[in-house]
Amino acid sequence: MSDVSVIGLGAMGSALARVLLKSGLSVTVWNRSPAKAEALVAKGAVIAASVKDAVEASKLVVACLLVYDTVYEALEPAKDALAGRTLVNLTNGTPAQAREMAQWAATRGADYVDGGIMAVPPMIGQAETLILYSGAHAAFEAHGKTLGALGMARYLGDDAGLAPLHDIALLTAMYGLFSGVTHAFALTGSEKVPAEEFLPMLTNWLGAVMTWLPDMARRIDSDDYRSDVVSNLEMQAAAFDNFIAASEGQGVSPELIAPMFQLIKKAVASGYGDADQASLIEMIRSRQQ
Ligand code: FVH
């Protein structure tokens, strides 16, 4: 028996297996393309001849594959071996997919824990690397030490969908930041300002913007969009006209920032002209929430 089996040895699965080995655990590995196991075998991993052998080798099975469909496909020949084991799925997916997989695992007698890795492969194993988990609590606790070797393990609750929900929320925030930053670099670059020269000004500004987030969170939690507003949406809509015109004038497509402009205009048209930026959430969320 091994301490843990890792199914999927892409960039992330290999990093997970490497760190588990480095922390002194015995690790069995399986990958659709077996060649990817070679480097890990050289470091002490045991390569399983089949995915069923890999599942049978450990009480803890960690899967990290491309998408959920590939998890079902890969585990199909091993599904009857899952009983009495814990499946920790670190594959990126949706909350609905995670809940469905928790059901699928339950019908096979397995405990299911879903996970979201807030890191790129070289960050695995660092104490500050955040990995989100949700699902079977007792199973998470039982394997806490092993999972803790991968990074800072944060358990979010029994609902398997919570880890992917928070994962996707954090990733969408990151992509929103990338959108604005890419546009900003394009604007300054249109006048040949090197990105590295603009960078300190940009990071200082983003640091100042971060200090506004607690107020935004408070407003959202309390539906308070109109008290003490210092930058209302009507003013922002007028300024945004300039952002679009300046971009086009500098030969920069506004496509990364235009959706925000559309939303601000929609909010103003819906009566939020005197409200704070936080009120934009009312334009995108369903009122059933
Ligand atoms: N790499 C990253 O920066 C991110 C960081 C955050 C978390 N993501 C998610 O982790 C999952 C795996 O990502 P990855 O980086 O390991 O991805 P790849 O290197 O492309 O490896 C993909 C593995 O999936 C296997 N696979 C694909 N299709 C199948 C299939 N039909 N049956 C069995 N296995 C399959 C693939 O096998 P092979 O091509 O080597 O034979 C790899 O093991 C992912 O959800 C990220 O969003 C990573």
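Me: What makes the side chain of R32 a polar contact of the ligand?

Reply: Happy to go through it; bear in mind that this is a predicted model. An N or O atom in the R32 side chain is 2.9 Å from an oxygen atom of the ligand. A polar contact is a pair of N or O atoms within 3.5 Å, so this pair qualifies.

Me: Which backbone atoms lie at such distances from an oxygen atom of the ligand?

Reply: A11 has a polar backbone atom 2.9 Å from a ligand oxygen, and M12 has a backbone N or O atom 2.8 Å from one. The protein covers 76% of the 910 Å² of accessible area that the ligand has on its own.

Me: How many residues surround the ligand, and which are the closest?

Reply: There are 22 of them, and the closest are M12, N31, S33, K36 and L66. To be counted, a residue needs a heavy atom within 4 Å of the ligand.

Me: Now the sheet, please. What makes strand 3 and strand 8 the edge strands?

Reply: Eight strands form an open sheet in the order 3-2-1-4-5-6-7-8, with mixed pairing. Strand 3 (46-47) and strand 8 (152-155) each pair on one side only, and that makes them the edges.

Me: How do you know that strand 4 pairs with strand 1 and with strand 5?

Reply: The cut-off is at least two bridges. Strand 1 (residues 4-7) is joined to strand 4 by three bridges, so the pair qualifies, and the two run parallel. One of the partnerships there is I7 with A63. Strand 4 (residues 60-63) and strand 5 have four bridges, again in the parallel sense, so they pair too. L60 has T86 as its bridge partner in strand 5.

Me: Why is the crossover from strand 4 to strand 5 called right-handed?

Reply: The chain goes from strand 4 through helix 4 (residues 68-75) to strand 5. With the strands pointing away from you, the path over the helix runs clockwise, which means right-handed. Strand 5, helix 5 (residues 95-107) and strand 6 also make a right-handed β-α-β unit. Strand 5 and strand 6 (residues 111-118) pair in the parallel sense over four bridges, and N89 has D114 as its bridge partner in strand 6.

Me: Which way do the residues of strand 5 point, and are they buried or exposed?

Reply: T86 and V88 point one way, L87 and N89 the other. Side chains of a regular strand alternate between the two faces of the sheet. All four are buried, which means under 20% relative accessible area.

Note on methods: Residues numbered from 1 in each chain as written. Predicted model: local features only at pLDDT ≥ 70, side-chain atom pairs only at ≥ 80, totals over all residues. Heavy atoms only, no water. Buried < 20%, exposed > 50% of the residue type's maximum accessible area, 1.4 Å probe, protein only. Polar contact = N/O pair within 3.5 Å; in protein donor to acceptor, adjacent residues only side chain to side chain. Areas by Shrake-Rupley, 256 points an atom, 1.4 Å probe, with all protein chains shown as cover.
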